[in-house]
Amino acid sequence: MTEQPPAECEDAGRLAAAGDGNDPARARPAYAAARGRLLDPAHRTLRAGWRSLVALIYPPVCVACRAATGEAQALCPHCWGEIAFIERPYCERLGTPFAVDLGPGLISPAAIANPPVFARARAVCRFDGVARELVHKLKYGDRTELALTLGRMMLQAGRDLVADADLAVPVPLHRTRLWSRRFNQAALLAAIVAEKSGLPLRPNLLVRAKRTRRQVGLSRVQRADNLQGAFRVPEEARPQLEGRHVLLVDDVLTTGATANAAARALLRGGARQVDLLSFARVVTDG
């Protein structure tokens, strides 16, 4: 018995023949589409085989401790369990966790006593242990591939902010610090959040106009003074910012001085609201 060709082959054959007819311009795209449908299963099989071969040669490992994992760009169960995730209940303004759940929409005493310039902040986890190691590996260890893992986690933690935002803006580095570090970790994280969510990424809406001292070791007041006038919105960028709801992205939220200074510049530049999304944040218990 003669084996019948697949339907896709018949479609491709008819469309190829139609290309010699009166309207080849219409037939060619349709032929290409039919041929693509025919080749897609083969391509998928080839890609799956290639991924399996790569996984065999380079088995996936934990991005934190390098232990074996079931998939690439993931954490092993031990490291995952070591991360102190921030989940509800938490302060709706600062995103700091509450010890007990007293109902939705609560604001912490810290947010009432010293309201932030940004409207809301969300973070994946506390800045300690494995989370601190991941940030340091990304920031100082040239482990730029970690941005994919951390960015995907940020997207989940900040899904309510992402849903309300019009665009994403990373906290910028001064050009001299960017030159020495070669990349901006906040920009890498913002790129992943924007790509996975579909938000427009606008890194040029905010610039760091003044090189500041490193914030490590400074008090809250010293940090605020250090960042006075550090950020600005370029004049040519104001039309893109006017009336927009901005998602400001950074790697770590400590005292909030950097985020406040950046948010203040964005609001002065015409933004309607600024929310902050970071991978980790410092949490002071009590």
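This is a short tour of a predicted model, stop by stop, for use with a viewer.

**Whole chain**

Start with everything shown. The protein chain has 12 helices and 6 strands. Of its 286 residues, 41% are buried. Now think about contacts with a separation of 6 or more. Residues 24 or more positions apart account for 71% of them.

**Stop 1: α5 against α6**

Select residues 129-140, helix α5, together with α6. Helix α6 covers residues 146-157. The two axes are 10 Å apart, and the packing angle is about 135°. That angle makes α5 oblique to α6, because only angles over 145 degrees count as roughly antiparallel. The crossing is left-handed. Show side chains next. From α5, pick L134, K137 and L138. They meet L146, A147 and L150 of α6.

Then move to the loop between these helices and select D142. Check its backbone: phi is near 60°, a positive value in a residue other than glycine. D142 has a relative accessible area of 42%, so it is partly exposed.

**Stop 2: α6 against α9**

Keep α6 and add α9, residues 185-197. Here the axes come within 8 Å and cross at roughly 55°. These helices are therefore oblique to each other. This crossing is right-handed. Which residues of α6 meet α9? Select A147, L148, L150, G151, R152, M154 and L155. On the α9 side, select L188, L189, I192, V193, K196 and S197. Note that A147 and L150 belong to this list and also to the α5 contact.

Step back to the loop between α8 (175-181) and α9, and select R182. Phi of R182 is near 80°, again positive in a residue other than glycine. Is R182 buried or exposed? With a relative accessible area of 57%, R182 is exposed.

**Stop 3: N204 in the next loop**

Go past α9 to the loop that leads to β3 (207-208), and select N204. Its relative accessibility is 61%, so N204 counts as exposed. Add P234, which is 30 residues away along the chain. The C-alpha atoms of N204 and P234 are separated by 8.1 Å. Leaving aside neighbours within four places in sequence, N204 is in contact with P234 and A237.

**Stop 4: N260 in α12**

Select residues 257-268, helix α12, and pick N260. At 18% relative accessibility, N260 counts as buried; the cut-off is under 20%. What does N260 touch, leaving aside its neighbours within four places in sequence? Its partners are P116, V117 and F118.

**Stop 5: rings**

A search of the whole structure gives 1 aromatic pair. Select W80 and F85 to see it: the pair is tilted, with 45° between the planes and 4.8 Å centre to centre. W80 counts as partly exposed, at 45% relative accessibility. F85 is also partly exposed, at 31%.

Now select F127 and R132. R132 lies over the face of F127, at 4.6 Å from the ring centre.

**Last stop: a cis bond**

Select R88 and P89. The peptide bond from R88 to P89 is cis, with omega near 10°. Where is P89? P89 is found in the loop between α3 (77-82) and α4 (109-113).

Notes
Residues are numbered from 1 along each chain as its sequence is written. This is a predicted model: local features need pLDDT of at least 70, side-chain atom pairs count only at pLDDT 80 or more; totals for chains, interfaces and linings use all residues. Side-chain values use heavy atoms; hydrogens and water are left out. Rings of Phe, Tyr and Trp (its six-membered ring) pair if their centres lie within 6.5 Å; planes under 30 degrees apart count as stacked, over 60 as edge-to-face and the rest as tilted. Buried means under 20% relative accessible area, exposed over 50%, partly exposed in between (1.4 Å probe, protein chains only). A charge sits over a ring if NZ of Lys or CZ of Arg is within 6 Å of the ring centre and within 35 degrees of the ring normal. Axes are lines fitted to C-alpha atoms, for helices over the stretch in contact, and angles run from 0 to 180 degrees between N-to-C directions. Helices (H or I, at least four residues) and strands (E, at least two) are DSSP runs, numbered from the N terminus. Angles under 35 degrees count as roughly parallel, over 145 as roughly antiparallel, 65 to 115 as roughly perpendicular and the rest as oblique. A crossing is left-handed if the near helix is turned anticlockwise from the far one by less than a right angle, and right-handed if clockwise. Contact means heavy atoms within 4.5 Å.
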